[in-house]
Amino acid sequence: MPDPELTHRLSRRGMLGVAAGATAAALLGAAAGPATAATPAPAPGRGRPVLPPGRLGIQLYSLRDKVSTLGFAPVFAELEKYGYDEVEFAGYTQGSAGPITLAQLKRLARNHGLNPIGSHVGYYSSDPAAYTFAQNLTKVLDDAQALGLKHIGTASGPFRYGSTVEAWKRAAEEFNTYGAAAKARGMKFYQHNHSEEFSFATDNPKVRLYDVLLAETDPELVFLEMDIFWAYSGQFRFSKRPDGTPAPFEPLDYVLGQPHRYPLFHVKDGVSDPANQYGYRMTDVGDGDIDYQRFISAVTRLRGHRLAHHWQAEHDNPAESFTFARRSSAHLHSLREKC
């Protein structure tokens, strides 16, 4: 069955693309510098686009500097111009210029053809008033529901109780609780990885902690957002156990084994650098060594999965955040499946 929301966004983008560019230019003026130049047309290519229509998003943490100085409206106008379809929040203010309500934020995103797809919230805190799943689950879900989010998650690792198998089982039990509460509201709870999730349990070095998370969480309640950069960093760091014995793994295999558990991805690139403790130096999407043509194609070729996943571009500290957003979108839209 066609996705009516997706159909509406795509048709609207076709009608309003030129207007969006003019609006963004008027709002931003010289503030954004050369990054406001129109997105270059993808290089001609043969074959079906690797990137599914309507599924390119961006994690707004990458644009926190622009949100804090310009506000959400100019940022959303730029993202619409660059061809983005979705946004993932990292907080609902991010120091934005001027106050904004959740209703205004939702309307503003939709007015620019952007679907708010998810948000990162803290897992736990020692402060009982903290805005986290553990301390204020109802408020977190209320806000996500007000924004119309389909996913609500955390970028915190399940290390609350330590790095033992039992510690992660305990964290997994809490994640199941958050997942059940989210499901009751029509949302999916998810966890976003960094590289440390692929390390080994301190009490059983033969066990990879990420495997404990997958095994101990209910697949109908707890979902994963694979940060692909950090997963490959984890591969670099933890393909040997602490005793030096080989323990190779391929991040893509986790997804292909349980594709329904990975509704969201972070598309983050890196230049291979074995001298770096993480194995890579982060860069704009398309400038690194992670083969996104291979990765995205492998997932979207699965039967029934072409439109089942959402791909969020991200860079933790881009040199110029609008330039990152523009170039990353252009690169991903240019990718074509090999004939």
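Salt bridges come first: this predicted model has 17 of them. Side chains of opposite charge can pair when their charged atoms come close. Three of the pairs are set out below, with the N to O distance for each.

| Pair | N to O distance |
|---|---|
| D65 and K66 | 3.3 Å |
| K66 and E320 | 2.6 Å |
| R160 and E174 | 3.1 Å |

**Around K66**

K66 turns up in two of those rows, so let's start there, with D65 as one partner and E320 as the other. With the closest N and O atoms 2.6 Å apart, K66 and E320 form a salt bridge. K66 sits in helix α2 (residues 64-70), while E320 belongs to the loop between β12 (310-313) and α11 (321-334), so this contact ties together parts that lie 254 residues apart in sequence.

How buried or exposed is K66? Its relative accessible area is 8%, so K66 counts as buried, because the cut-off for buried is under 20%. Its two partners see more of the outside by the numbers: D65 is partly exposed at 36% relative accessible area, and E320 is partly exposed too, at 24%.

**R160 and E174**

Now for another pair. The side chains of R160 and E174 meet at 3.1 Å, N to O. Here R160 is in the loop between β4 (151-154) and α6 (165-183), and E174 is in helix α6 itself, so the bridge links parts 14 residues apart in sequence. As for accessibility, R160 is partly exposed at 28%, whereas E174 comes out buried at 18%.

**A linked group**

Salt bridges can also join up. Which residues form a network of them? D227, K268, E314 and D316 are the ones linked this way.

**The sheet**

On to the strands. Eight of them make an open sheet with parallel pairing, and reading across, the order is β3-β2-β1-β12-β9-β8-β5-β4. Why does one side of β3 and of β4 have no neighbour in the sheet? Strands β3 (115-119) and β4 stand at the edges with a single partner strand each, so one side of each is left open in that sense. Ignoring direction, neighbouring strands of the sheet are turned by 30° against each other on average.

Inside that order, β1 (residues 56-59) pairs with β12 in the parallel sense, over three bridges. If you want a spot to look at in the structure, find I58: this residue stands opposite A313 in β12. Strand β12 also brings us back to the salt bridges, because the loop between β12 and α11 is where E320 sits.

Methods. Residues numbered from 1 in each chain as written. Predicted model: local features only at pLDDT ≥ 70, side-chain atom pairs only at ≥ 80, totals over all residues. Heavy atoms only, no water. Salt bridge = Lys/Arg side-chain N within 4 Å of Asp/Glu carboxyl O. Buried < 20%, exposed > 50% of the residue type's maximum accessible area, 1.4 Å probe, protein only. Helix = DSSP H or I, 4+ residues; strand = E, 2+ residues; numbered from the N terminus. Pairing = 2+ DSSP bridges. Axes fitted to C-alpha atoms, helices over the stretch in contact; angles between N-to-C directions.
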